[in-house]
Amino acid sequence: MNTAFRVARPASYYSDTNGVFATPYEMPKVTCDQCGRTWLDTGDWYPNFGLDKDADLDMFSLEENVSVEAFQELKRHVVGRGVGRAALLPGCGLGPVTATVPANPTDFVWCCFSLLAKPRVVDILKRAGVRISFGPAVVQIGKRQSVEDFVALQVEPVRLYSDQTLAETTTSFCTKCGNVLLKNVRAEPKGPLQYVRNRIPNRQGLVRVYESVVVTLASAAFIEAVRRHRLTGIEFEEAGVYV
Ligand SMILES: [Zn+2]
C-alpha cells in the first residue's frame, strides 16, 4: 500500500473549529539576499520550546523581519527537547498554544493547519506504537479555561518530494535560507506526487510536507488508530504515493 494520505478537516467543521489561537512567540520573517525573498511559513508550532534568558524577546514576532544571518543567531536562543533537530522555519510558533475551541469539541480541533488533540488521543496513539510530539495548550471552551482538555500536536516539516516530483513541479530550495522556490507555479506533475518514505522518522504519526505548508501526511498506523477508536474532527484524503 503506497498511497499517501494527508490529514483534512471534515467539511462540516470549517465554521466551528476554525479556532482563534496564538503562541507567545514566533520566529520572525526572513529576508534572504540570495533568493531575494521575504518569507515566513506559519504552518508549524513548537509548544514545548521556549527562549533562553538572553533572548531579545521583541525579535521573536511575526512583525519582525531579519537577515538569514540574524535569523540563525536568533535560533540559538530557542531551547527545548529536540530543538537541535527542529526545522524552526520563519514564522513558526514557540511556546504553549492558547486557543478558543467550540463547546462540545471534537477529539481533534483545527487551528489553521495545526492541530490540538484531546489527551486521550495521544494515549491511544502511543498504545498503537505511533510516535507523536505534543506540548501544552491553554484552551478556552465556552466560558471555561482549561490546561487539561487539550494538547497541541507538534509536527515537523520534512523535505519529502522525490527528485521526479521536484522536477515536475519545478520546485527547488534556496541553498541559503531553505525557501521553497517554484520556477513555474502552474507546473503540474504528470502523475501522483511522490514522497520519499525513508525520510520520515520511524513510526512517526504525522509529518508536514516541507514543500507544501498545507499538507500534513499521516502514517498508516495513525489512520488505523483514529478509525478504530472513531476519533472525531479529522479525515484523511489521498495526497500522492510513497516511493
Ligand atoms: Zn533564500
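Two strands are taken to pair if DSSP finds at least two bridges between them. In this predicted model, strand β12 (residues 108-111) and β13 meet that criterion, being joined by 4 bridges in an antiparallel arrangement. Together β12 and β13 make a hairpin in which 2 residues lie between the strands. In the turn, C112 adopts a positive phi of about 60°. Across the pair, W110 is positioned opposite L115 of β13.

Strand β13 (residues 114-117) is buried at each of its side-chain positions: S114 and L116 are directed one way, L115 and A117 the other way, and all of them are buried. The residue that faces W110, namely L115, thus belongs with A117 in orientation. A117 in turn stands opposite V151 in β16. Strand β16 (residues 151-154) pairs with β13 over 2 bridges, again in the antiparallel sense.

A further set of pairings is centred on strand β11 (residues 97-101). Its side chains alternate: V97, A99 and V101 are buried and point to one face, whereas T98 and T100 point to the other and are not buried. Strand β2 (residues 20-22) runs antiparallel to β11 and is joined to it by 3 bridges. Within this pairing, F21 stands opposite A99, one of the buried residues of β11.

The pairing of β11 with strand β14 (residues 133-141) is parallel and comprises 5 bridges. Here T98 is located opposite V138 in β14; T98 is among the β11 residues that are not buried.

How values were computed. Residues numbered from 1 in each chain as written. Predicted model: local features only at pLDDT ≥ 70, side-chain atom pairs only at ≥ 80, totals over all residues. Buried ≥ 20, exposed ≤ 12 C-beta atoms within 10 Å, placed from the backbone.
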